[in-house]
Amino acid sequence: MATRPLIPAPDAERRTPRRARAARRSTPTVLPVPIADWFAAKGWTPRPHQLALLDQARARRSTLLIAPTGAGKTLAGFLPSLVAATGSASGERKGSGLKTLYISPLKALAVDVARNLMQPIVEIGLGLRVETRTGDTPQSRRTRQRTRPPEILLTTPEQVALLISGEDAGYLFADLETVILDELHALVPSKRGDLLALGLARLRALAPGLVLTGLSATVARPTELRAWLAPQPCADSAIQFVDVVELSGGARPDVTILETEDPLPWASHTARYAVPDVLAAIAKHRLAIVFVNTRLQAELMFHELWKANEASLPIALHHGSLDVAQRRKVEAAMAAGKLRAVVATSTLDLGIDWGDVDLVIHIGAPKGASRLIQRIGRANHRLDEPSKALLVPANRFEVLECRAALEAAEAGAQDAVVNRRGGLDVLAQHVLGMACNGPFDPDTLHAEVSTALPYAGLTRAEFDRVVDLAATGGYALRAYDRFARLKPTDDGRLRIAHPRVAQQYRLNVGTIVESPMVKVRIVGRRGASGRASSKPLVGGRIVGEIDEWFAGELKTGDAFVLGGETLRLEGFRDNEVFVSRATAKDPIVPSYPGGRFPLSTHLARRVREMLAEPRRWQSLPTPVAEWLRLQQQHSVLPGPDEVLVETFLHGGRYHMVAYPFEGRLAHQTLAMLLTRRLERAGAMPLGFLANDYAIAIWGLRDLSTMITDGAIDLDRLLDEDMLGDDLDAWLAETSLMRRTFRHCAMIAGLIERRHPGKEKNGRQLTVSASLVYDVLRRHDPGHVLLEAAYRDAATGLLDIARLAEFLRRIKGRVRHLSLQRASPLAVPILLELGREAVGGEAREIALREAAEEMLRGVGLAGDGTPTP
Amino acid sequence: MTAVAGMTGTEARSFCTRSMQIAGTEVVADRSGALYVPAEHTLIVADLHLEKGSASARRGIMLPPYDSRETLRRLADVVARYRPRCVVALGDSLHDRSAESRLGSVERAEVSDLQTGRDWLWITGNHDPVISADLGGAVAASLHLGAIILRHEPTPGDAPGEIAGHLHPAARVVLGGTGMRRPCFVGNGMRLVLPAFGTFTGGLNVLEQAFATLFVDHHFDVHVLGQNGVYPLARASLRTD
């Protein structure tokens, strides 16, 4: 399987690093004879950035290499290790002999790179051992790797955490010289990145003089990645950065937006209208990746493409809910050139290049400029040829967004990576891991973790709170001191209280908390006759997985689409969903949660600017420009720093529609809080809806009159103080906050994760994170994990940070219009489906209604009295 | 029918409590998971599992140490509403044999306050076969209340008049597109199993085999605990986990 080539293609030598600060050399870099010969035998010349990294390694300096795909990045990372291996064994062995550690976010990538690395090693005749270590590595080999590791080990961040928590970590890493971090841009802005940063801080302590090499795709602000790689000095000093070698982005991508004869949909997310055009584009290319934003869209697009696929082009599907074996098959078929198109979600965003992709089709707006550039980069890996991409907006707003993304791509503009504060839950996990390694001195460990950028400036008080969280749960009530997992030694260090603590740590390691999934298995269809339904369900093959909560919403006989097949639910057993092939014409489709990224701040600003400048509308398709002109006539278009609020009567309900353009998550929070405030103001709101561009709230009172009468003051309604008590009250009940807390509690090891095979009959014993959340809010509201969860929610599911920024920006810039009817701009959101009922009472109401219905069915009223 | 002697009266909403018959005796299922027997002025709570948090901490999982005070706070709330002459804790009141020694002074005082002015009976369970006199109240393996017998563990087969706990019944239902899993009362008019009252107690799905041995003809009713009420739900709306 030709995948990620380590070997540079014989082109692009003319390309030089834009900014090789590292290149302080006066004489040309000399390659050792065996390696120079090897390059020559292949007819290749080493590229300047590869030589630059070699110089950096010789000077023992850490480096960030930024280069587009296809630049021979991975070989650049390993070249210093290969060169070092040609020399005579330098120095004395202090430990296990492990010299190079390669860390990738994907285990498949680690395996792939290992395979490709063997080629030059064998051909040059280097006696280097290369091995991978992932969750799939057999236990016997993992044990051996700790005592007799290879010279080069390729692994994942979780395995690094496990290795440094072992008692033998000092021996294992004593000889370590180089750490190569692949796809660094994807790792850094996440909790996995926090954990890895802490792991690197420990590796630096174990192997002084360690050189880090970060490999990254093009990013907006490389300084953040450079700082992340550098050890940070103690508080009050300036932030440190590693050197950067940057290779500019190859040929300009050739991106077009699909122009269509058909009128564009108002509110759809499926782009069904574009199916014939998408098929035509696929037919004109060797291999296309059709990227979509959610698994649901992937299923729908795949379904629609096959319905119209008269030429029977081989088109496959690839997303995270499909069975692993099935995904592997699709990848192999891509690599073997057997496919013409693959419909995919972010599962194909990173890492491995399967096959010779020459077109990227993006269905729906890309939501962020960097994401688009990353995805476009999947097409065509020769640096001097442009990557080709086709953007297919699913609705009118997405046309604006695609246009903005295209302009951003042309300008080379990227979304900024948010400079994050490290998670306290992750730190608690790390502290426990370090205690498993051996007794630690709190002063020393605090200094060590503070060298990791996400924890630079962590106060001693904060650190102590986290140590207490790891030791006793961190409660205000000191009831658990005698059960502490960490106990002081005579010399004031902390050690684990029991070997069991280390076992628990190992089961709990990592920051990825999956939402529970159930397997979907094909069985024979149960007959229509009553007799057949008693037939036991005999399992066939597994076709994929669906979220547990989604499975819970299905009834026997419901149809849904998974893996491109329409399936009918036959029953549940042992944490599996049994299905048969459905024949129903109109399947209901699973709504997979997650996977939907909100519109990025950067793109949102570009969209607002475009709206405010009518002369830029020429570049838009006629129906879209016409739509904006109609909006000008009937209402107004907001300026780039304003927010437009329209109120009108529609469908018998009084509506308020606002257009903040701040992304779905921030909008959801805003709409929820505004609804609460409107309820208090007596506007009797009934429901709300939020999408990436706008929010709509509807109710029983005339909002236009209430605003003109002064009963509602819009400036006060949209005041920043909504992030105080209103937010707090909402946080108490929202499931989004509970979900965030559950993640934190599991990462911190406060509650146990569910492990496969353990959950059966364990329900009586399991304590739900939701209960823990409620108890803490009532009895220990200052608990460190509530704070950690709040911080996460603020930047994550609730996007409070962005909402706060928005409220500040529009202060005094709220533009209100009372309209006779809905404006053209309001049409898309009014057409959106899935309106949410107000309030946390919805479940209670559903219960009550079900009970009433049941009682009516047996002739009783709700209070148990017979119905007349 | 929901107006109960001793209730404070402000909450006569239709689903606030459920009145039902067990072997001819009227009982009232409360939204808290407690059961009131009006004729005997007796309040019954099952499976308090006090000090489950600290039991878990002993194994190295640091669940919050507030579960006992939260359980007792909720019990105080329901006691204040019914003002029973007698409270029966239906077994597994303490999570393990050493739970009593871990009970804090605040919690002990709360137990003592609750016992003041009324009879109190600890029925023993598999988690707490022995309950020391220090905790106050009487201790027994079972109790007859007229036609009713109270014990911790339900008897397999038919057991007319039996009110038990032990199993932590829970119902999984899907309503209005939302799935939820809630503790519930489960019974058939002749016998009843109470939901666990303890704060950190999980639940066992009523569709599991353990319940089939109690309701031999597979006929039973569930009364699901909501925030504000007890809701009788149709068998058809129940789901397995």
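# Exercises on a predicted two-chain model

With 28 C-beta neighbours inside 10 Å, Asp92(B) counts as buried. The exercises below work through this residue and its surroundings in a model that is predicted.

**Exercise 1.** Determine where Asp92(B) and Arg83(B) lie in chain B, and decide for Arg83(B) whether the residue counts as buried, partly exposed or exposed.

*Solution.* Begin with the backbone: Asp92(B), although not a glycine, has a positive phi of about 50 degrees, and Arg83(B), likewise not a glycine, has a positive phi of about 45 degrees. Next, place the two residues in the chain: Asp92(B) belongs to the loop that runs between strand 5 and helix 3 (99–102) of chain B, whereas Arg83(B) sits in the loop between helix 2 and strand 5 of chain B. Finally, apply the neighbour count, for which 20 or more other C-beta atoms within 10 Å make a residue buried and 12 or fewer make it exposed. Arg83(B) has 14 such neighbours inside 10 Å and therefore counts as partly exposed, while the 28 neighbours of Asp92(B) place that residue in the buried class.

**Exercise 2.** Describe the sheet of chain B, giving the strand order and explaining which strands stand at the edges.

*Solution.* The sheet is open and is formed by 7 strands in the order 1-2-3-4-5-6-7, with mixed pairing. Strand 1 (17–22) and strand 7 (138–140) of chain B each have a single partner strand and so stand at the edges, with one side of each left without a neighbour in the sheet. Averaged over the sheet and with direction ignored, neighbouring strands are turned by 25 degrees against each other.

The mixed character can then be followed in individual pairs. Strand 1 and strand 2 of chain B run antiparallel and are joined over 6 bridges, with Thr17(B) opposite Asp30(B) of strand 2 of chain B. These two strands form a hairpin with 2 residues between them, and Ala23(B) in the turn has a positive phi of about 45 degrees. Strand 5 (residues 86–89) and strand 6 (residues 119–123) of chain B, by contrast, pair in the parallel sense over 4 bridges, and here Val88(B) stands opposite Leu121(B) of strand 6 of chain B.

As a last step, add the helix: helix 2 (residues 67–82) of chain B packs on the sheet, where it touches strand 2 (25–30), strand 3 (35–37), strand 4 (42–45) and strand 5 of chain B, and its direction makes about 160 degrees with that of strand 4 of chain B.

**Exercise 3.** Work out how helix 11 and helix 12 of chain A are oriented to each other, and which residues make their contact.

*Solution.* The axes of helix 11 (residues 275–283) and helix 12 (residues 295–308) of chain A come within 10 Å and cross at roughly 75 degrees. Angles of 65 to 115 degrees count as roughly perpendicular, and helix 11 and helix 12 of chain A are therefore placed in that class. On the side of helix 11 of chain A the contact is made by Val275(A), Pro276(A), Val278(A) and Leu279(A), and on the side of helix 12 of chain A by Glu304(A), Leu305(A) and Ala308(A). Sorted by class, this contact has 6 nonpolar residues, no polar and 1 charged.

**Exercise 4.** Summarise chain A as a whole, including its domain assignment.

*Solution.* Chain A comes to 32 helices and 27 strands, and 48% of its 868 residues count as buried. Of the contacts in chain A with a separation of 6 or more, 76% are accounted for by residues 24 or more positions apart. The domain assignment gives domain 1 (19–246), domain 2 (254–411), domain 3 (424–508), domain 4 (601–833) and domain 5 (838–868). Taken over C-alpha atoms, the centres of domain 2 and domain 3 of chain A are separated by 46 Å.

Key: Residues numbered from 1 in each chain as written. Chains lettered and ligands numbered in written order. Predicted model: local features only at pLDDT ≥ 70, side-chain atom pairs only at ≥ 80, totals over all residues. Pairing = 2+ DSSP bridges. Axes fitted to C-alpha atoms, helices over the stretch in contact; angles between N-to-C directions. Contact = placed C-beta atoms within 7 Å. Domains from an automatic or database assignment. Parallel < 35°, antiparallel > 145°, perpendicular 65-115°, else oblique. Nonpolar A, V, L, I, M, F, W, Y, C, P; charged D, E, K, R; others polar.
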